[in-house]
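Reader: Please go through the contact between the two chains, and say for each term what earns it.

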Protein chains: 2
Amino acid sequence: MTGALSVVGLGPGEPRFLTPEASEAIAQAEDFFGYLPYLDRLALRDDQRRHASDNREELSRAEAALTLAAAGGKVCVVSGGDPGVFAMAAAVCEAMDRGPEDWRAIDFRVVPGVTAMLAVAASAGAPLGHDFCAISLSDNLKPWSVIERRLIAAAEAGFVMAFYNPVSKARPHQLDTAFDVLRAHLPAKVPVIFGRAAGRPDEAIRVVPLAEARGAMADMATCIIVGSVQTRLIERPGKPALVYSPRFWEEG
Amino acid sequence: MTGALSVVGLGPGEPRFLTPEASEAIAQAEDFFGYLPYLDRLALRDDQRRHASDNREELSRAEAALTLAAAGGKVCVVSGGDPGVFAMAAAVCEAMDRGPEDWRAIDFRVVPGVTAMLAVAASAGAPLGHDFCAISLSDNLKPWSVIERRLIAAAEAGFVMAFYNPVSKARPHQLDTAFDVLRAHLPAKVPVIFGRAAGRPDEAIRVVPLAEARGAMADMATCIIVGSVQTRLIERPGKPALVYSPRFWEEG
């Protein structure tokens, strides 16, 4: 008897960003797997069970969820933001790819959500209005040399960049290294947006020129957007400046 | 008397992807600007007015919306997907940047949504689970040489790519050119996902190896995701294969 597994994106944090599709997937499930702060966002019924795990345990969490679904469970794995962007959808696929054959018969689906960079961009203006890339700065899963090569490629090709997982206790200095790399390839005035807790009551958006960007301006809950040479500021009376990347591109 | 202007993302198409935040912003507005198919998705009240315009008229639409908001209107500009990704948020910022000073006093906000690539990725598995970029293939607003340079940079740096605006009647051959460029820089077996009408009843997801990818497989409503060298397929009995990009990266 094969069950079902949905991987659901909760959006940036508040119920007002949770899609009706995600709410329905949550209502249909009985067992919930995820990082505790995400499970804490759910208003579950008495017949729904929580299986919390730590932030660094994505693969074992995915295996536990697949095991229960293969045994007939109605299982939901939750991610903040969108589950497909540096989150649980890929971890569940990795586990399924390596796991027993019967995991592939599970009724599997991914429910998208508003990922952090979109929420930060919306709060800042329209910095992702032109071609952009999304890079996880964590070197837990790839060598730092790969990250550095991507930063340089993105800067030279004119992509705006969004950084996920910019810092952690185990990696306090990488974000400063990333800014140093970018300062060698982008003008000092390029705007850098630090978006913390976007879409939550304690949201904080800070914009500084690349020359002044420092790793200490971010924590684990920060998504960072680095503009391109064409990203602009709109100063406004009595309001924070808007940051946007024009849709057009003029060669300098 | 200054009014309000919200730029709202409707998500991939169905009301089940519209966030409560977007629904509330729509309920609060009186005048709606947008491309007709997006306005048609709204269930407006009798006291709410529609101002439809053509797909190619983003800047004049933005100016009309800002003019009305500056005169005290409660204005909403709608985009499919997320308004910050190749959509109206940047067009409104461009207009504000060039326009009269009083437009900067408007109570302006952007309400994010689920952008097309996230919906396509969710339907296919987790192809955006690793570093990725988003590129508009339209050369209306930038030279084709810039697009080609970005395709090569992204392929060489190992980014998965999402293509927006892949084709139009005026540009029937560019997508084939893009695939030809990529075939010179990526293995023939890299999966290419054609996601048409993702999140709608007529959704169609097609996955082919890069060697077989053709421009004729896409239309204006298609979002395309091109995998990296490490993007994988999971074959499933009686179900479409899942496509995913592992979170880790191993140098080949």
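The exchange below takes the terms one at a time.

Author: This is a predicted model, in which local features need pLDDT of at least 70 and side-chain atom pairs count only at pLDDT 80 or more, while totals for chains, interfaces and linings use all residues. Residues are numbered from 1 along each chain as its sequence is written, chains are lettered from A in the order in which they are written, and side-chain values use heavy atoms, with hydrogens and water left out.

Reader: What makes a residue part of the contact between chain A and chain B, and how many residues does each chain give?

Author: Contact means heavy atoms within 4.5 Å. Chain A gives 72 residues and chain B gives 72 residues.

Reader: Why is the pair B:Arg247 and A:Glu94 called a salt bridge?

Author: The term requires a side-chain nitrogen of Lys or Arg within 4 Å of a carboxyl oxygen of Asp or Glu. The closest N and O atoms of B:Arg247 and A:Glu94 are 2.9 Å apart, so the pair meets the rule. Across the interface of chain A and chain B, the rule finds 12 salt bridges.

Reader: What relation do chain A and chain B have?

Author: Superposed by least squares on the C-alpha atoms of residues with pLDDT of at least 70 in both, chain A lies on chain B with an RMSD of 0.0 Å after a turn of 180° and a shift of 0.0 Å along the axis. That is the relation of a two-fold axis. In chain A, the C-alpha nearest the axis belongs to A:Cys133, 1.9 Å from it.

Reader: How do you know that the copies meet through the same surface?

Author: Of the interface residues of chain A, 100% are also interface residues in chain B, so the surface is the same.
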